[in-house]
Amino acid sequence: MNESCREVLAELDVFLDGECGDDLEEAVRRHLGECPPCVDRADFQRELRALIASKCKDAAPSGLLDRVIDNLTAR
């Protein structure tokens, strides 16, 4: 893994979330086009996100969010 890989992997979540700017998106896409190990990492992250999304469809119990916020603000 070289410095370019480290830089891309540090921004991978932002890239996969579609939240990066045009310059960063282009840089990540260019790197992924040339680096099979980073493509494997990106593919794994995409598959993991899809799996988590498919398994986490249940809604939180009623009142849970309010209890969490109350606990966080009480500290």
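**Exercise 1. The order of elements**

Which pattern does the protein chain follow when read along the sequence?

*Solution.* The model examined here is a predicted one. Step one is to take the inventory: the secondary structure of the protein chain comes to five helices and zero strands. Step two is to set these elements in order along the sequence, which gives the pattern α-α-α-α-α. Step three turns to the overall spread of the chain. Its radius of gyration is 18 Å, whereas the globule rule gives 11 Å for 75 residues; the value is well over that figure, so the chain is more spread out than a compact globule.

**Exercise 2. Extent, burial and surface**

Describe the box that the C-alpha atoms fill, and then state how much of the protein chain is buried.

*Solution.* Taken along the principal axes, the box filled by the C-alpha atoms is roughly 50 × 30 × 25 Å. Of the 75 residues in the protein chain, 17% are buried. The area that the protein chain exposes is about 6,000 Å², and carbon and sulfur atoms supply 52% of that area. Contacts complete the description: among those with a separation of 6 or more, 58% are between residues 24 or more positions apart.

**Exercise 3. Charges and their pairing**

Determine how many positive and how many negative side chains the protein chain has, and how far apart the centres of the two sets lie.

*Solution.* The count gives 10 positive and 17 negative side chains. The centres of these two sets lie 7 Å apart. The next step concerns pairing. Side chains of opposite charge can pair when their charged atoms come close. A salt bridge is counted here when a side-chain nitrogen of Lys or Arg is within 4 Å of a carboxyl oxygen of Asp or Glu. The structure holds six salt bridges.

**Exercise 4. Salt bridges inside a helix**

Locate the salt bridge between Arg 6 and Glu 3, and the one between Glu 26 and Arg 30, and give the setting of each.

*Solution.* Begin with Arg 6 and Glu 3, whose closest N and O atoms are 3.4 Å apart. Both residues lie in helix H1 (residues 3–10), at a spacing of three residues, or about one turn of the helix. Arg 6 is partly exposed, with a relative accessible area of 43%, and Glu 3 is partly exposed as well, at 46%.

Continue with Glu 26 and Arg 30, whose side chains meet in a salt bridge at 3.9 Å, N to O. This pair lies in helix H3, with the two residues four apart, about one turn of the helix. The relative accessible area is 44% for Glu 26, which is partly exposed, and 45% for Arg 30, also partly exposed.

A further set of partners can be noted at this point: Asp 13, Asp 17 and Arg 49 are joined into one network by salt bridges that share partners.

**Exercise 5. A salt bridge between separate parts**

Which parts of the chain hold Arg 49 and Asp 17?

*Solution.* First, establish the pairing: the side chains of Arg 49 and Asp 17 meet in a salt bridge at 2.3 Å, N to O. Second, place each partner. Arg 49 lies in helix H4 (residues 36–55), while Asp 17 lies in the loop between helix H2 (12–16) and helix H3 (22–34), so the pair ties together parts that are 32 residues apart in sequence. Third, consider accessibility: Arg 49 is partly exposed at 28%, and Asp 17 counts as partly exposed at 41%.

**Exercise 6. Three residues compared with the cut-offs**

Classify His 31, Ala 50 and Arg 75 as buried, partly exposed or exposed.

*Solution.* The cut-offs come first: buried means under 20% relative accessible area, exposed means over 50%, and partly exposed is in between.

- His 31, in helix H3, has a relative accessible area of 8% and is therefore buried. Not counting residues up to four places away in sequence, His 31 touches Ser 4, Cys 5, Val 8 and Cys 38.
- Ala 50, found in helix H4, is partly exposed at 47%. The C-alpha atoms of Ala 50 and Leu 12 are separated by 15 Å, and the two residues are 38 residues apart along the chain.
- Arg 75, found in the segment after helix H5 (64–74), counts as exposed at 83%. From Arg 75 to Leu 48 the distance is 33 Å, C-alpha to C-alpha, with their positions 27 residues apart in sequence.

Notes:
Residues are numbered from 1 along each chain as its sequence is written. This is a predicted model: local features need pLDDT of at least 70, side-chain atom pairs count only at pLDDT 80 or more; totals for chains, interfaces and linings use all residues. Side-chain values use heavy atoms; hydrogens and water are left out. The radius of gyration is taken over C-alpha atoms; the globule rule is 2.2 Å times the number of residues to the power 0.38. Buried means under 20% relative accessible area, exposed over 50%, partly exposed in between (1.4 Å probe, protein chains only). Contact means heavy atoms within 4.5 Å. Accessible areas come from the Shrake-Rupley method with a 1.4 Å probe; for residues, only the protein chains shown count as cover. Lys and Arg count as positive and Asp and Glu as negative; His and the chain ends are not counted. The place of a charge is taken as NZ of Lys, CZ of Arg, CG of Asp or CD of Glu.
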